[in-house]
Amino acid sequence: YSSMRLNLGVTPTFSTLYSPQKIMDMKLFLYFLTLAAETSTTDHLFEAETNEQKLFKIANELLKTEKAYVARLHLLDQVFSAKLMEEAGKGTFPVEVVKNIFSNISSVHTFHSQFLLPDLERRMGEWESTPRIGDILLKLTPFLKMYAEYVKNFDQAMELLKQWSDRSPQFKSIIQEIQCQEVCGSLTLQHHMLEPVQRVPRYEMLLKDYLKKLPPDHLDRRDAEKSLEIIATAATHSNSAIRKSDNLKKLLEIYEMLGEEEDIVNASNEFIKEGHILKLAARNTSAMERYLFLLNNMLLYCVPKFSLGGPKYTLRTRIGMDGMKVLETSNEDYPHTFQVSGKERMLELQASSEQDKAGWIKVSVTELGKRAPRWIRDNEVTMCMKCKESFNALTRRRHHCRACGYVVCWKCSDNKVALQYDNNKVNKVCRDCFSILTGEEPAEGKKKGILEIGAGQFTGSSIMCGFLQYSEKTKPWQKVWGVLPEKECLVLYLYGAPQDVKAQCTIPLLGYCVEDSPRPTDPPASFRLSQSKSVHSFAAESEELKQRWLRVMRLAVTGEMPERPSAET
């Protein structure tokens, strides 16, 4: 160290010790060694202090949340309840209504503001000498039994609040005026009334955390454990109410996301599901982003709003669950589609996945004329769904029956009748719907031939169905909708489109040979059925689908009953 000798005649200072020239000075090196040794001797003490700090933080969290909670109770008791009682005293609405809404909130407020909160404040002020909270809670937690009355009354309170907000403009005005004040924090009265329901379980959570950090031999352990037992018992009374309050909180969120839409916050409403969805247009295959809220009694069909604040969605349609019909549909261009129809409207929707679609589908019965039908899209049919004549651009154009949604020609839609779902307005309907809705017996027609069974009748109960390219012998390839029905699984039906009411042809499969040896001119994923001089060539949309077709056909040609193949195989 000859090059780093200390100048012993100079008293070291902070600047000289930490200057770059002296950083490796032996005296500084010894100083750091001494500091490290002193620090190592206090490690266990530091850990003990950390645990005490954790206990203090939990106790302080209890105090902080208690202060905030008492402020909410004051808002409920001395602001909302007091203002409404003042107005009720003038005879504007019954005093009993206000009392039944707020139940025993005054007693709850008194207990917390005059007893529990002051005791917690005193204890936190003397924490260094008395680091415990179990004794305070043990003394006061028996009073938490008063929450049973508030919780039991909660559903009725929400119902009364809704009823009188609708019935009395003065009642509603007072509540809205208070909700606009800064003290409400942009929350509704219903939000604030949830606080007492959720408070007791909050005590339970904090006390459990406190006991985890409390040493086994701590002076406060016994009181804290007994307090937890009492609080846990009181919390059980709130469990079902907590679940209901969570549902109500969700309804309040929906209420606010829709710009305070009426009839959303209701004790009889139960939130079930929500999610993004795509809406398919009736006349084309374009898709538009939408959002659905499913409640136990209605489906809310919404359009997203692109705004920085305020409502997130615009409610476009409510569809009542009573009699709503939800069906799976097939769409060449869009997978995972389904249709919802009700009294108010019909929607063609696309989910994000098969699992998501399954989550939305519900089954119920629909009545003709009372609920909007599903409109079959124009490109799903090639012929009138009633007379079976092919459409063309000049003499036989497409029209929709407003009762059943079928695509028909002008001759088959030349009837009008009032439809209940459209406020009894007169609409054009097909001849069959006209006969049903007017009470007249439909005309007797000829018995349907084998080709006249609609594709839609088979698609929902088929072993296999889907689009195929088809060529008979040397004829040009054409796109068809192939169906192998469960009830006639030895016959392959070929339609021009998924909703056609008449098949172009049928192929009895028994005795055919299934060939999986594509010719050079065949398209990808092709296979053939051959019998003597009869040759039918097919091409599936993918190699996977081809293998599925082959599996069922190889069984069908031998006379065996094939089973529906899974999507994974």
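Contact here means heavy atoms within 4.5 Å. Helices (H or I, at least four residues) and strands (E, at least two) are DSSP runs, numbered from the N terminus, and axes are lines fitted to C-alpha atoms, for helices over the stretch in contact, with angles running from 0 to 180 degrees between N-to-C directions. The model is a predicted one, in which local features need pLDDT of at least 70 and side-chain atom pairs count only at pLDDT 80 or more, while totals for chains, interfaces and linings use all residues. Residues are numbered from 1 along each chain as its sequence is written, and side-chain values use heavy atoms, leaving out hydrogens and water.

A good place to start is the sheet. Seven strands make up an open, antiparallel sheet in the order 15-14-13-12-18-17-16, where two strands pair if DSSP finds at least two bridges between them. Its edges are strand 15 (505–508) and strand 16 (513–515), each pairing on one side only. From one strand to the next, the twist averages 35°. Four antiparallel bridges join strand 14 (residues 491–495) to strand 15, with Leu494 opposite Cys505. Helix 14 (residues 543–556) lies across several strands, including strand 12 (462–472), to which helix 14 runs at about 105°.

Helix 8 (residues 169–179) comes next. Among its buried residues (under 20% relative accessible area, exposed being over 50% and partly exposed in between; 1.4 Å probe, protein chains only) are Phe171, Ile174 and Ile178. The buried residues of helix 8 line one face, because they fall within an arc of 135° seen down the axis, the arc being that of the directions from the helix axis to the C-beta atoms. Pro169 and Glu177, on the other side, are exposed.
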